[in-house]
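Here are my notes on the model you sent round. Have it open as you read, and tell me where you would look further.

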Amino acid sequence: ALSSQPTGFVAHVGDGEITLTSTAGDRSFESRLPFTGRIEGPGSIERLSTAGLRAEGDRIAYQTFAPEVGAVVGVTRELLGVESLESLGEAVRTSKVRETMEGMPVTTTLWLDGTGRVVRTELPGPFGTMRIERRPRSEALRAEGGGELPEESYGATLVRTQLRIPHARRVSAMKIELRHRNPDLDWPDLEGPGQHVLSRDRDRLVLSIERRDPPSGAVRPAARTAANAAWLEPSAYIQSDDPEVMETAERIVGNETDLVAAAKKLERWVAENMQFDMGVVLAPSVEVFRKRRGTCSEYAILLTTLARAAGIPARYVMGYVYVGGIFGGHAWTEVLAGDEWIALDAAVEADGPTDAARFAFQWSSLEDGVGRLNMGPGAQMYGQIDCRVLEYSLDGGPPRHVSAIDKPWSVVGNIFRDNGLGVTLEKPGSLEFEDLDAVWPDDTIVGLGGPSGRSARLRLEHPGPWQRTGEEAMKRLAEKIAGGRRGDIEIGGARALTLETPGRAGLALLDGPDLWLLTVEGDRAPELLREIAGGLRFGAD
């Protein structure tokens with residue numbers, strides 16, 4: 001977890017029970033974990049390793065409390081060989097060990113010194129291989145201030161699809177084919193609310209997803225029961241009992257007693273008050289609430305926290321979401337309305353319940369921290385799969401079957417067409433097509449370039465339901481075309497707003513839940529804008 005707050009927990013082993021004290025910043029939460037049998041601690045594990053791992057192929061097995069997953073697990077270690085590493089400024093002879101943890105899909109590689117202490121650890125994670133090395137205490141303390149993942153780390157969580165889906169936030173049903181690049185990792189359990197495995201082989205899986213509409217009559221605050229208690233409790237990462245968080249949640253929902261309507265108010269507040277920041281990953285909710293920055297993980301953690309603070313059972317979900325030509329690693333929230341889990345997403349908002357252009361592979365209360373998020377299904381999926389859309393439906397309509405095409409677009413002469421979005425652009429003869437394969441986070445659908453620096457970009461954005469106004473469209477256009485004269489033009493029977501300066505011009509056109517932006521740069525930009533707009537047509541429903 002990359003956070004400015006130190007997080008962790010202390011485990012006290014008693015007779016058949018471990019008392020866990022989880023901390024985040026200045027808050028502590030206590031829970032109890034029963035166990036049977038013998039538990040080995042760090043010292044005895046070091047002694048077992050030095051005594052039992054002497055020759056290549058030697059193996060030991062034991063049971064321990066694993067802080068990274070917050071559970072008692074069986075562990076197997078096997079000696080792979082001997083290597084020399086540099087540690088704390090000197091060469092150290094180490095035993096290279098493969099460690100397998102019961103219930104975890106990935107294996108960890110350890111390098112142990114002569115006393116059995118860990119010098120280096122490498123394990124696969126959602127953002128690639130994670131390496132942990134022994135460092136001086138001064139360096140470790142400096143690291144408490146947090147860190148930042150490089151942008152390329154997120155590339156491992158992106159999977160390109162073979163088409164662009166029109167009005168993706170209106171997708172009510174979808175069927176996809178997943179291919180595993182490393183079948184030895186196996187598939188996680190993908191059965192969940194609204195999604196079902198239709199077929200499964202070692203390297204191929206077909207999954208159906210349906211948008212879940214809320215049942216009538218679900219009220220808040222929800223009556224606490226044995227079935228929903230885990231989704232209402234505060235924890236180190238979901239600090240829903242923080243007084244400021246509770247006051248804010250109640251102020252946002254007001255007198256709203258309909259559970260889903262109240263949750264939607266919270267979703268909008270998070271969407272409007274958070275700012276995307278890749279330097280914050282899986283931070284505790286009070287830190288997120290105060291700084292209001294982070295990735296989709298923080299959006300989901302904050303929405304889950306506010307929901308519980310408002311008396312709404314909620315949980316954190318990890319999976320993939322479709323946006324801009326890819327399925328990207330993502331996190332969102334589910335709230336329990338009666339007996340139905342309803343998905344909400346403050347980072348990728350839909351009009352009602354969250355769309356079906358996504359699939360989940362992990363659902364968590366986060367009661368035991370975030371370790372399982374890093375070592376569980378995320379490691380099986382992120383960077384390990386390919387995805388093809390087989391069919392999808394919009395707003396409950398008939399399924400649209402998708403052929404196995406190589407590209408989502410085609411160019412014939414001067415005409416560009418996106419086969420999924422249904423957009424057609426006939427270019428002026430003086431310009432050439434470019435940037436045809438852009439995917440999120442680049443929102444370019446098609447680019448045009450020509451002599452003397454003349455260029456154009458057609459982009460597609462997805463404003464929130466409350467942002468689909470002419471004022472918001474003009475605001476987003478003004479971010480790309482500073483100043484200029486306002487106006488409008490007609491495109492295929494619809495009115496598009498325009499901003500024009502001699503060297504830059506653009507138009508904005510609302511199309512249901514989507515916003516099209518066409519921007520032009522270069523000599524006589526307003527004339528070029530109208531010429532390009534004259535060859536622009538939208539045919540998606």
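The points below go through a sheet, a helix, a loop residue and the cavities in turn.

1. First, a reminder that this is a predicted model. Everything I say below should be read with that in mind.

2. Let me begin with the sheet. Its five strands are ordered β12-β13-β11-β20-β21, the pairing is antiparallel, and the sheet is open. β12 and β21 (400-401) are the edge strands, and since each has a single partner strand, one side of each is left without a neighbour in the sheet. As general background, strands of a sheet pair through backbone hydrogen bonds, in either a parallel or an antiparallel way.

3. Now for the pairings, starting with strand β11 (residues 171-180). With β13 it forms seven bridges in the antiparallel sense, and K175 is found opposite S208 of β13. β11 also runs antiparallel to strand β20 (residues 385-394), and nine bridges join these two. There, E177 stands opposite R388 in β20.

4. On the other side of β13 comes strand β12 (residues 195-200) in the sheet order. β12 and β13 pair over five bridges, again antiparallel, with L205 in β13 as the bridge partner of R200. The connection from β12 to β13 is a hairpin of three residues.

5. How much of strand β13 (residues 204-210) is buried? Five of its seven residues are, so the strand is largely enclosed by the rest of the structure.

6. Does the length of helix α4 (residues 259-273) agree or disagree with 1.5 Å a residue? It agrees: the 15 residues should span 21 Å, and the end C-alpha atoms are 21 Å apart. At the start of α4, D258 has a side-chain oxygen within 3.2 Å of the backbone nitrogen of V260.

7. Staying with α4, its buried residues are L259, V260, A262, A263, K264, L266, E267, W269, V270 and A271. Note that K264 and E267 are on that list. What do the buried residues of α4 pack against? Their partners are the helices α3 (243-253), α5 (285-291) and α6 (296-309), together with the strands β17 (326-337) and β18 (340-344).

8. N228 deserves a look too. This residue sits in the loop between β13 and α3, and it counts as buried because its relative accessibility is 7%, with the cut-off for buried being under 20%. The N228 side chain reaches the backbone oxygen of A223 at 2.9 Å. Leaving aside residues up to four places away in sequence, N228 touches A222, A223, P313 and L336.

9. Finally, the empty space. How many cavities of 30 Å³ or more turn up in a search of the whole structure? There are three, and the largest has a volume of about 90 Å³. Of the 15 residues lining the largest cavity, I209, R212, W332, D355 and R358 lie nearest its centre. The elements giving two or more residues to this lining are β13, β17 and β19 (358-364). β19 gives the most, with three residues.

Technical notes
Residues numbered from 1 in each chain as written. Predicted model: local features only at pLDDT ≥ 70, side-chain atom pairs only at ≥ 80, totals over all residues. Heavy atoms only, no water. Helix = DSSP H or I, 4+ residues; strand = E, 2+ residues; numbered from the N terminus. Expected span 1.5 Å × (residues − 1). Buried < 20%, exposed > 50% of the residue type's maximum accessible area, 1.4 Å probe, protein only. Contact = heavy atoms within 4.5 Å. Polar contact = N/O pair within 3.5 Å; in protein donor to acceptor, adjacent residues only side chain to side chain. Pairing = 2+ DSSP bridges. 1 Å grid on protein atoms, 1.4 Å probe; cavity = no way out; pocket = protein on both sides within 12 Å on 5 of 7 lines; lining within 4 Å. Points joined across faces, edges and corners; volume = space filled by probe spheres on them.
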